[in-house]
Structures are given as C-alpha cells and as structure tokens.
Amino acid sequence: MTLIAPWPGRRLDLTGHLQRALHEHQQLFAQLHGLSEAIEQTAAQIADTLRRGNKLLLCGNGGSAADAEHFAAELAGRFLHDRPALAAVALSGSGALLSCIGNDYGFEHVFARQVAALGVQGDCLVGLSTSGRSPNLLTAMQEARTRGLTTIGLTGQRDGNLLAEACDHVIAVPHTATARIQEAHGFIVHALCGLIEIQLGHG
C-alpha cells in the first residue's frame, strides 16, 4: 500500500482546521433564523405548485447537483411521512443527456434544453448555486421564465450573484465559502421538504 505523504516542509494542523470549520459552521447556522420567512414562502410556492398537479424541476452543478438530486429524491420518494409521490425531477441525473446536450449545444444549455422539453406553465424550477454565477443555471432560468415557470434560487452571498436577480424567490445563505453554503443548503432542503409535507396535509 502506498501512503501519500504531506507536502515537504508543511506542518499538518488537522485540529486547527477542524475547529475553524466547526466554528464557521456554528456561526452560520446561528444566522439561519433570518432566512425563516424566505424558506416558508418558498415552501408555500412549491406546495402550491405540486397541489395544482404541476411539477418541480431542479438543477445545479457539482455538489449543488447532488443537493438538487437529494431534494428530488425526498419529494418523489418520501421525507418524514408516507404520502403520495410528489412530482420532482433533477435535471442532472442523466450523464447521457447532459453530455448529449453539452456536446451539441454547449454546456450552458444542458439545463435550459431540458426545461424546454419538460417545463410547462405553472411548473417550478429550482436552481442551486453557491456562487450564483453558473451560466447554465442562468440560461435555464431565462428559459423557465419564457415558459411561465416560477423560478427559485438557493444560493450564497458572493459578489456578482446573478442568480438572485434572475429568480422570483431567493434563499441566499449569508456566507461566501462554498463548503459552508452547501452545508446550509442541505439543511434548507430538509426544512423545505418538511414544510412542503405539512402544507400538503401529510405532517
């Protein structure tokens, strides 16, 4: 077995790194109370969408793609309660589809093309991006608006955040570090799922 040695001359400070990360996480989560209204309004919008028989489309890149797929799984499957399946589709789930669209039209269109294929008026598109600058999410939001979809953004508070301006509803985590924002997004996704179930009469 080959062991990977630390870089020469670099002292490992594992405890310090862990403590700093925990401190940042705790400080951030103490501020999430300030997002309560935005989270509740977003949950109400999604619940109304699903109650009407419309569907939820979700997209993101990298870790945010994983969060989008997690969100869709909790709704189409179950979260806290046994209840009817809810119509939620993550647009990052097919490698063949993403590579096909990316190859033929460009990566900035991998989500917008799917919105054009699947989205109808009254549906809802959720985009997750820690930076708020992902071109493929911004293009998807533009496509969604032309088709009468409600747009929701889960993002952070970095400079140049265009996603916040492109969406009807925004939940912006008050942090700039990708890891901390994604940790908060995981919590927010669970909070939304619980609120959605309650508003649909399954809580």
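At 12% relative accessibility, Ser92 counts as buried, where buried means under 20% relative accessible area, exposed means over 50%, and partly exposed covers what lies in between (1.4 Å probe, protein chains only). Ser92 is found in the loop between β2 and α4; helices (H or I, at least four residues) and strands (E, at least two) are DSSP runs, numbered from the N terminus. The structure is a predicted model, in which local features need pLDDT of at least 70 and side-chain atom pairs count only at pLDDT 80 or more, while totals for chains, interfaces and linings use all residues. Residues are numbered from 1 along each chain as its sequence is written, and side-chain values use heavy atoms, with hydrogens and water left out.

The side chain of Ser92 reaches a partner: a polar contact of 2.8 Å joins it to the side chain of Glu69. A polar contact is a pair of N or O atoms within 3.5 Å; within protein, one must be able to donate a hydrogen and the other to accept it, and residues adjacent in sequence count only if both atoms are side-chain atoms. Another such contact, of 3.1 Å, is made between the side chains of Tyr105 and Arg113. Tyr105 belongs to helix α4 (residues 95-105) and is partly exposed, at 45% relative accessibility.

Attention now turns to the packing of helices. Two packed helices are described by the angle between their axes and the distance between the axes. Here, axes are lines fitted to C-alpha atoms, for helices over the stretch in contact, and angles run from 0 to 180 degrees between N-to-C directions. Helix α8 serves as a useful guide for the newcomer, beginning with its neighbour α3: the two axes come within 10 Å and cross at roughly 15 degrees. The helices α3 and α8 are therefore roughly parallel to each other, given that angles under 35 degrees count as roughly parallel, over 145 as roughly antiparallel, 65 to 115 as roughly perpendicular and the rest as oblique. The crossing of α3 with α8 is right-handed; a crossing has this hand if the near helix is turned clockwise from the far one by less than a right angle, and is left-handed if the turn is anticlockwise.

Helix α1 also packs with α8, at an angle of about 50 degrees and with the axes 10 Å apart. This makes α1 oblique to α8, and the crossing is right-handed. For helix α2 (residues 36-51), the axis comes within 9 Å of that of α8, with a crossing angle of roughly 50 degrees. That angle makes α2 oblique to α8, and α2 passes α8 in a right-handed crossing.

What do side chains add to this picture of α1 and α8? By the ring-pairing rule, there is one aromatic pair. Phe29 and Phe187 form this pair, which is edge-to-face, at 5.7 Å centre to centre and with 65 degrees between the planes. The two rings bring together distant parts of the chain: Phe29 sits in helix α1 (residues 14-30) and Phe187 in helix α8 (residues 178-199), 158 residues apart. The rule pairs rings of Phe, Tyr and Trp (its six-membered ring) if their centres lie within 6.5 Å; planes under 30 degrees apart count as stacked, over 60 as edge-to-face and the rest as tilted. Phe29 is partly exposed, with a relative accessible area of 22%, and Phe187 is likewise partly exposed, at 43%.

Charged side chains come next. The structure holds eight salt bridges, each a side-chain nitrogen of Lys or Arg within 4 Å of a carboxyl oxygen of Asp or Glu. In one of these, Glu24 pairs with Arg180, the closest N and O atoms being 2.9 Å apart. Glu24 lies in helix α1 and Arg180 in helix α8, so this link spans distant parts of the chain, 156 residues apart. Glu24 is partly exposed at 32% relative accessibility, whereas Arg180 is buried at 10%. Glu183 joins Glu24 and Arg180 in a network of salt bridges.

Another salt bridge is formed by Arg83 and Glu197, whose closest N and O atoms are 2.9 Å apart. Arg83 lies in the loop between α3 (63-76) and β2 (88-90) and Glu197 in helix α8, so the pair ties together parts that are 114 residues apart in sequence. Both Arg83 and Glu197 are buried. Asp82 forms a salt bridge with Arg78, with 3.2 Å between the closest N and O atoms. Here Asp82 is exposed at 67% relative accessibility, while Arg78 is partly exposed at 42%.
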